[in-house]
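This report looks at a few local environments in one protein chain. The sequence and the structure come first, and the description follows.

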Amino acid sequence: MQQDYLDRLIALSLDEDLGAAGDVTSLAVVPADAEGSGELVAKEQMIIAGLDAFVRVFHMVDAEVEVEVLKRDGDEIKPKVVAARVHGKLRSLLAAERTALNLVQRAAGIATLAQQAVTAVRGSKLRVLDTRKTPPGMRGLAKHAVRMGGASNHRFGLFDGILIKDNHIAAVGGDITEAVRRAKLNGPRLVKVEVEVTNFKQLAEAIEAGADVIMLDNMDDPQIREAVKLTANRVPIEVSGGVTLDRLPRLAKLGVDFVSMGALTHSARAMDLSLEIQTTKKSARKSRPAAPQG
């Protein structure tokens with residue numbers, strides 16, 4: 001994960017939570033010299049992710065907070081397992097708590113759903129991809145979490161992949177051949193050209209035009225089966241639209257190569273993790289760095 005994305009996300013998240021005045025409750029109630037400690041505890045089984053974000057939130061609030069990371073992103077953990085410990089000024093811990101939890105809970109939810117999707121197609125050639133349907137500002141963290149769950153990333157943004165969709169085709173008069181020609185002529189070299197199609201006529205035109213990948217948009221299972229037959233392994237096929245966990249095993253049997261699943265990032269449930277913070281005496285423990293990211 002590129003750390004500049006993560007740092008900007010954390011800075012924005014802290015700014016919207018703390019504002020200019022800071023944690024006014026803790027400033028009013030908690031003594032300035034009070035110290036505390038806490039444990040990040042799983043309340044359910046999950047694939048943990050976002051631990052680097054969790055650490056960086058505390059260090060952005062207060063560089064002297066000690067964070068001990070006990071698990072690695074991508075680990076499967078069970079209820080009551082402690083994933084990390086924190087120790088430092090109580091005011092700092094309370095100021096960072098919600099932002100740190102928000103990020104790690106959402107990342108773990110994405111990783112867990114991604115792992116479930118990969119499990120559903122295990123034993124087949126089908127690869128599960130994410131999409132650009134990510135919460136604004138969270139794309140780097142979300143796509144990292146997808147990988148931690150064992151799924152794969154589609155393009156990161158509009159800048160690193162060519163995907164010709166219906167609006168692009170309409171912009172050149174509905175001519176897929178012309179759209180592909182322009183993409184190959186004007187687009188970055190070595191970048192594959194993917195074309196979205198909604199019917200068999202468009203499929204045939206996209207193949208003839210030299211598309212590197214075909215995306216079947218919102219086709220049902222019988223249509224997908226026919227599209228695979230018509231394509232005859234000439235071009236890799238991706239399925240998009242209406243993809244659910246229940247449908248994945250059926251898609252795996254149809255012979256397609258990829259399935260893009262927006263739900264991985266836009267509908268993943270935040271995992272249940274708690275951070276119980278208690279007042280403590282000053283600790284002599286040394287700070288440990290975050291676990292390496294996968």
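## Local environments in a predicted model

Ser-26 has a relative accessibility of 6% and counts as buried, because buried means under 20% relative accessible area. The model in which this value was computed is a predicted one. Ser-26 belongs to helix α2, which covers residues 24-29, and its side chain makes a polar contact of 2.4 Å with the side chain of Asp-23. Once neighbours within four places in sequence are set aside, Ser-26 is in contact with Arg-91 and Leu-94.

A second buried site is Thr-265, whose relative accessible area is 1% and which lies in helix α11, residues 263-266. Beyond its neighbours within four places in sequence, Thr-265 is in contact with several residues, among them Ile-110, Thr-131, Pro-135, Ala-142 and Val-146. Lys-133 is also one of these contacts, and its backbone oxygen lies 2.6 Å from a polar atom of the Thr-265 side chain. Arg-139 is 126 residues away from Thr-265 along the chain, yet the C-alpha atoms of the two are separated by 8.8 Å.

The two polar distances can be set out as follows.

| Atoms or groups | Distance |
|---|---|
| Side chain of Ser-26 and side chain of Asp-23 | 2.4 Å |
| Polar side-chain atom of Thr-265 and backbone oxygen of Lys-133 | 2.6 Å |

Strand β3, residues 66-69, runs antiparallel to strand β5, residues 82-89, and 4 bridges join them. Within this pairing, Val-67 has Val-86 of β5 as its bridge partner. Glu-66 and Glu-68 point one way from β3, whereas Val-67 and Val-69 point the other way, and all are buried. In a regular strand, side chains alternate between the two faces of the sheet.

Key. Residues numbered from 1 in each chain as written. Predicted model: local features only at pLDDT ≥ 70, side-chain atom pairs only at ≥ 80, totals over all residues. Heavy atoms only, no water. Helix = DSSP H or I, 4+ residues; strand = E, 2+ residues; numbered from the N terminus. Buried < 20%, exposed > 50% of the residue type's maximum accessible area, 1.4 Å probe, protein only. Contact = heavy atoms within 4.5 Å. Polar contact = N/O pair within 3.5 Å; in protein donor to acceptor, adjacent residues only side chain to side chain. Pairing = 2+ DSSP bridges.
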